[in-house]
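Student: Can you walk me through this one? I'd like to start with the DNA contacts.

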2 protein chains.
Amino acid sequence: MAARISIGVASRRSGVKVPTIRYYEQIGLLPSPPRTDGNRRAFDDGDLRRLAFIRHARELGFEIDAIRALLELQDNPGQPCGTADAIARARLIEVEQRIESLKALKDELDVMIESCRHGKVADCRVIEVLADHGKCTHPRH
Amino acid sequence: MAARISIGVASRRSGVKVPTIRYYEQIGLLPSPPRTDGNRRAFDDGDLRRLAFIRHARELGFEIDAIRALLELQDNPGQPCGTADAIARARLIEVEQRIESLKALKDELDVMIESCRHGKVADCRVIEVLADHGKCTHPRH
DNA sequence: GCTACATCCTCTAGTGACTAGAGGAGCAAG
DNA sequence: CTTGCTCCTCTAGTCACTAGAGGATGTAGC
């Protein structure tokens, strides 16, 4: 009664590209599905859910290894979920740091662009600021 | 009168790692410096400035190709700097978008972690939210 | 049954921006 | 003269895919 979903349909439904699905199978993130008589992959709804999980986690910036750990957790429920929590927390810290440094960068780009007098390259603030970190408004990034 | 700076010293002064300096030379971002009798690279202060420029631009997230364009501009001043301005503006837009999506992500991670009841994986919000994008607080990322 | 054409298969190689390691040569201090 | 650091070239590995070749299979219309 498995749904026998082709890779193309699985791709459309999950939003994961066809070669990427094959890649996930290759690296063992997605179990190898059974094949049809014509050697085509036959996915089922469980595979689709797993693909959606992976895609969402990737969009959130989790690395493949983190996703692998998360999937393993999902495969054996009934364990304490401290591991999942720890993975999410680690990711949160990364994200917060990345936001801070991007904000500093944005300010710097703003100043650069604002003060560009649209003259010759010789007086261009963009080039000047890049050439000399000391001219940054935010020393830390 | 050139300073004859070794690659190790150039690395320490510019903050660019030794193999990375060699890599930049290889891809033509940094001109090949003259060599000493013992076949070692002899950089000068101009190379150091160029390395600092590259490093700063990389920290700001500019891609190598963008840096290549910026360096070409720097090499021929006296041209209008509209190109540099355009490159910086494009980067600013990217950065702003990235900040927005990271903020959405942070909120989602916060909710995930907050509502994790530290119970079993079966009830874990982290896993649950990842498995179902519909549970995101922010539908767009 | 036949013809198009879409979809699928495997396999290899390429991307960006490095990073790591092997194996060897040069150089400076004690 | 030996020790140990720095340097050289070269190849291959990283991550997460992406692109393309070359061929097999499935499906819709006639």
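Tutor: We'll take the DNA surfaces, then one helix; keep in mind that this is a predicted model.

Student: OK, strand D. How many residues surround DNA strand D, and which are the closest?

Tutor: There are 20 residues around DNA strand D. The closest are A:G38, A:E63, A:I64, B:S6 and B:G8.

Student: Which helices supply at least two residues each there?

Tutor: From chain A, α2 (18–26) does. From chain B, both α1 (7–14) and α2 (18–26) do.

Student: And the classes of residue near DNA strand D?

Tutor: Six are nonpolar, seven polar and seven charged.

Student: Now strand C. Which residues come nearest?

Tutor: A:S6, A:G8, B:G38, B:E63 and B:I64, out of 19 residues around DNA strand C. For helices, α1 (7–14) and α2 of chain A and α2 of chain B each give at least two residues to that surface. By class, the surface near DNA strand C has six nonpolar, six polar and seven charged residues.

Student: Switching topic. What span should α4 of chain B have?

Tutor: Helix α4 of chain B covers residues 64–75, so 12 residues at 1.5 Å a residue should span 16 Å. The end C-alpha atoms are 16 Å apart, which agrees.

Student: Which residues of α4(B) are buried?

Tutor: B:I67, B:L70 and B:L73. They cover an arc of only 115° around the axis, so they sit on the same side of α4(B).

Student: What does the face turned away from the buried side carry?

Tutor: That face of α4(B) has the exposed residues B:D65, B:E72 and B:D75.

Conventions: Residues numbered from 1 in each chain as written. Chains lettered and ligands numbered in written order. Predicted model: local features only at pLDDT ≥ 70, side-chain atom pairs only at ≥ 80, totals over all residues. Near = placed C-beta within 6 Å. Helix = DSSP H or I, 4+ residues; strand = E, 2+ residues; numbered from the N terminus. Nonpolar A, V, L, I, M, F, W, Y, C, P; charged D, E, K, R; others polar. Expected span 1.5 Å × (residues − 1). Buried ≥ 20, exposed ≤ 12 C-beta atoms within 10 Å, placed from the backbone. Arc of directions from axis to C-beta.
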